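Subject: Structure handover

Hello,

Here is the structure I said I would pass on. My notes on what was found in it follow below the display.

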Amino acid sequence: KWFECKVRYDKLQENGAVKKVTEAYLVDAVSFTEAEARITEEETPFISGEFSVSAVKRTKSSVRCV
């Protein structure tokens, strides 16, 4: 099953300003809980500071991730 996970965090802009952004990611998981855990594990090394998974929803996708 595919889930769309939205992650909200503070992102450093090119001009040095910090802006709160929300980015969506497609996750292959069996449940909502697994989708949240997987996106948290994947994004932790790339985001400094706090972040939150602001939404998880089941989605139909014709895109195949490799």
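A residue to begin with is K57: leaving aside neighbours within four places in sequence, K57 is in contact with W2, F3, E4 and F32. Please keep in mind throughout that this is a predicted model.

K57 belongs to strand β3, which covers residues 51-59. Its relative accessible area is 46%, so K57 is classed as partly exposed, a label for values between the 20% limit for buried and the 50% limit for exposed. I also looked at K57 together with E43. These two residues are 14 apart along the chain, and 18 Å separates their C-alpha atoms.

Two of the residues that K57 touches, F3 and F32, come up again in the search for aromatic pairs. That search covered the whole structure and found one pair. The ring centres of F3 and F32 are 5.0 Å apart and the ring planes stand at 70°; the pair is therefore edge-to-face, given that planes over 60 degrees apart are counted that way. Distant parts of the chain are linked by this pair: F3 sits in strand β1 (residues 2-12) and F32 in helix α1 (residues 32-43), with their positions 29 residues apart in sequence.

Are the two partners buried or exposed? F3 has a relative accessibility of 0% and so counts as buried, the limit for that label being under 20%. F32, at a relative accessible area of 40%, is partly exposed.

Now the chain as a whole. It contains one helix and three strands. Read from the N terminus, the order of these elements is β-β-α-β. Along the principal axes, the C-alpha atoms fill a box of roughly 40 × 20 × 20 Å.

The chain has 66 residues, and 17% of them are buried. The exposed area of the chain comes to about 5100 Å², with carbon and sulfur atoms supplying 49% of it.

For contacts, take those between residues at least 6 apart in sequence: 54% of them join residues at least 24 apart. As for charge, the chain carries 11 positive and 11 negative charges, and the mean positions of the two sets are 9 Å apart.

That is what I have for the handover.

Regards

Key: Residues are numbered from 1 along each chain as its sequence is written. This is a predicted model: local features need pLDDT of at least 70, side-chain atom pairs count only at pLDDT 80 or more; totals for chains, interfaces and linings use all residues. Side-chain values use heavy atoms; hydrogens and water are left out. Helices (H or I, at least four residues) and strands (E, at least two) are DSSP runs, numbered from the N terminus. Buried means under 20% relative accessible area, exposed over 50%, partly exposed in between (1.4 Å probe, protein chains only). Contact means heavy atoms within 4.5 Å. Accessible areas come from the Shrake-Rupley method with a 1.4 Å probe; for residues, only the protein chains shown count as cover. Lys and Arg count as positive and Asp and Glu as negative; His and the chain ends are not counted. The place of a charge is taken as NZ of Lys, CZ of Arg, CG of Asp or CD of Glu. Rings of Phe, Tyr and Trp (its six-membered ring) pair if their centres lie within 6.5 Å; planes under 30 degrees apart count as stacked, over 60 as edge-to-face and the rest as tilted.
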